[in-house]
Amino acid sequence: MRYRLLGHTGLYVSELCLGTMTFGAQGFWQVMGGLLQTDVNTLVKESFNAGINFYDTANVYSLGQSEQLLGEAIRQVGLPRDEIIVATKSTGIVDESPNGRGQSRFHIFNAVDASLKRLQLDHIDLYQIHGFDPLTPFEESLSALNDLVRAGKIRTLGLCNLAAWQIMKALSISRHNHWAEFASVQAYYSIAGRDLEREVMPLVEDQKLGLMIWSPLAGGYLSGKFRRNSLTPDESRRSTFDFPPLDKEKAFACIDAMEPIAKNHGVSIAQVALAWILSKQSVSTIIIGARKLEQLKDNIASTKLTLNEDELQSLDAVSALAPEYPGWMLAFQGQYRAKAPFKD
């Protein structure tokens, strides 16, 4: 296992992070995995033994049960607290009360205390807002998060699923007020869904933010189970929850391109998809989720796969984004300045 800096924090995280959306069986979230304590303990122990030091959860996953299961696994397995990095989130609906969601100061303070209790921890290493709250001003949310950092309940701040302009606005407000800033971005990215490259990834690189990738296998579509003109596998999550949105024809083109590369290396298609993401320098970590130990082991094995330049170029070509304005104009106008050094 290799370790990468989480943006400009100086904090090293494993290049694979164990996601916990499969932990728990409450309500809608059961379709994600439905794992309970024994299976959770097995995955947590196996991941730590493989070198993973990063665990990502959220208060909405199985309505808090995911956090409870992770916290209990850390205790039962005996993971050393000073060697692991625990991340969680809030914003989504945790109850039907008027303030049981969002990013108000009221909700954030309550959510942090509730997460700490469920996780059985005295601080959260990375606390992330889970999306955009159109009703709460950034100033209120950021002020609350800053106070929680100063109180020692949170070590580092992150965000998920925001537009580039929203991220930059939040950073600017924090800098103006000398508050703790967001240090990481968690976002969807896969070889079959590269929209992140249009606006958010350039911002991440410019501002030196950490980048955490969720659903790197496009909701299981790049796991190797799916083939063109075949039925959706019954055991796949997409058979009941077809998410994230995907251009499936393009995904099949990517699968077709990855299959011979996988056969050449003697690995799974999923490992090729993960190795392609790990080749991107701006990526800090990939969040992997598993329902079975075999899936976890296969994902972990991707860290040993290195794709050569020809393979990377072929995968880049088949998955390339269609040009959009203003991207194509910026590239066209900037090309004469991109060549250095200047020679008369």
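**Strand pairing in the barrel and the geometry of helix α7**

Strand β8 is mostly covered, with seven of its seven residues buried. The model described here is predicted. In it, β8 runs parallel to β7, and four bridges join the two strands. Within this pairing, L159 stands opposite V185 of β8.

These two strands belong to a closed barrel of eight strands, in the order β3-β4-β5-β6-β7-β8-β9-β10, with parallel pairing. From one strand to the next, the twist averages 30°. Helix α4 (residues 138–150) packs on the sheet, where it touches β6 (124–129), β7 (154–160) and β8 (182–188). The direction of α4 makes about 150° with that of β7.

Strands of a sheet pair through backbone hydrogen bonds, either parallel or antiparallel. Strand β10 (residues 285–288) is joined to β9 (residues 210–214) by two bridges, and the two strands run parallel. Across this pairing, M212 has T285 of β10 as its bridge partner, and I213 stands opposite I286. Strand β3 (residues 16–19) also runs parallel to β10, with three bridges between them. Here the bridge partner of L18 is I288 in β10. Both faces of β10 are covered: T285 and I287 are buried on one side, and I286 and I288 are buried on the other.

Helix α7 covers residues 248–265. At 1.5 Å a residue, its 18 residues should span 26 Å, and the end C-alpha atoms lie 25 Å apart, which agrees with that expectation. The helix nevertheless contains a kink of about 25° at M258, shortly before the proline P260. M258 is also one of the buried residues of α7, a set that further comprises A251, F252, C254, I255, I261 and A262. The buried residues of α7 pack against two other helices, α8 (269–278) and α10 (309–319).

The two ends of α7 can be described in turn. At the N-terminal end, D247 acts as a cap, with a side-chain oxygen 3.3 Å from the backbone nitrogen of E249. Just after the helix, G266 takes a positive phi of about 70°.

Notes: Residues are numbered from 1 along each chain as its sequence is written. This is a predicted model: local features need pLDDT of at least 70, side-chain atom pairs count only at pLDDT 80 or more; totals for chains, interfaces and linings use all residues. Side-chain values use heavy atoms; hydrogens and water are left out. The expected span of a helix is 1.5 Å times one less than its number of residues. The bend at a residue is the angle between axes fitted to the seven residues ending there and the seven starting there. Buried means under 20% relative accessible area, exposed over 50%, partly exposed in between (1.4 Å probe, protein chains only). Contact means heavy atoms within 4.5 Å. A polar contact is a pair of N or O atoms within 3.5 Å; within protein, one must be able to donate a hydrogen and the other to accept it, and residues adjacent in sequence count only if both atoms are side-chain atoms. Two strands pair if DSSP finds at least two bridges between them. Axes are lines fitted to C-alpha atoms, for helices over the stretch in contact, and angles run from 0 to 180 degrees between N-to-C directions.
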